[in-house]
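Open your viewer and get ready to pick out a few residues. We will take this one stop at a time.

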Amino acid sequence: MTAELRRPHRTFTIRQLCREFNCTPRALRFYEDKGLLSPARDGMNRVYSYKDRARLRLILRGKRVGLALAEIREILDLYNIGDGGATQAAKSLKKFKERIVALEAQRVDIDNAIAELRAGVEMMEGQLAETRPDLLPQATDYDQVLRRRLDPEHAH
């Protein structure tokens, strides 16, 4: 992190933070309404400190990995207890490990669902090949349209 970002007197506008973190002003106001951010005011304008910026980074990182706002708040609230961040780190570690377990379970569920779907596709393609081979090209065309919509890079 650069020294400029560590300076306590450095402030940011809502526009600057939205641009940097690719989020909307509405999202920042929502986090403020939920008590996760506390920007200062300059008239009607919000003025975000380096601390607000750091909190926003943690909020967005927590959301990206699937933590609930209440869990994120728990972690953020431990920042100022005066133990050098040890309690916050311990709470974060516990939450992160719990999230890893949950995501790994989801991955198993997703892998199982994909396997079931592939088996179903194979069975239906076999049935169509025997009973109505004229419908198979339509199914293939539809599959390619879906693949392009979902992942244009891997469409054939």
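Start in the middle of this predicted model. Select Leu 17, Leu 28, Tyr 31, Leu 37, Leu 56 and Ile 59: these have the most contacts inside the largest nonpolar core, which has 18 residues. Next, colour helix H2 (14-21), helix H3 (25-33), helix H4 (50-64) and helix H5 (69-77), each of which supplies at least two residues of this core. The helix that gives the most is H5, with four residues. As background, nonpolar side chains tend to be buried together in soluble globular proteins.

Now zoom in on Leu 17. What is it in contact with, leaving aside its neighbours within four places in sequence? Show Phe 12, Asn 22, Cys 23, Leu 28, Tyr 48, Arg 53 and Leu 56, and you have the set.

Tyr 48 leads to the next stop, strand S3 (residues 45-49). Which of its residues lie on the covered face, and which on the uncovered one? Arg 46 and Tyr 48 make up the covered face, while Asn 45, Val 47 and Ser 49 are on the uncovered face. In a regular strand the side chains alternate between the two faces of the sheet.

Keep S3 in view and add its partners. Strand S1 (residues 11-12) runs antiparallel to S3, joined to it by two bridges; select Thr 11 and Ser 49 to see one pair of bridge partners. Strand S2 (residues 40-42) also pairs with S3 in the antiparallel sense, over three bridges, and here Arg 41 has Arg 46 as its bridge partner.

Finish at the turn: S2 and S3 form a hairpin with two residues between them. Click on Gly 43 in this turn, where phi is positive, about 70°.

Note on methods
Residues numbered from 1 in each chain as written. Predicted model: local features only at pLDDT ≥ 70, side-chain atom pairs only at ≥ 80, totals over all residues. Heavy atoms only, no water. Buried < 20%, exposed > 50% of the residue type's maximum accessible area, 1.4 Å probe, protein only. Pairing = 2+ DSSP bridges. Core = buried A, V, L, I, M, F, W, Y, C linked by side-chain atoms within 4.5 Å. Contact = heavy atoms within 4.5 Å.
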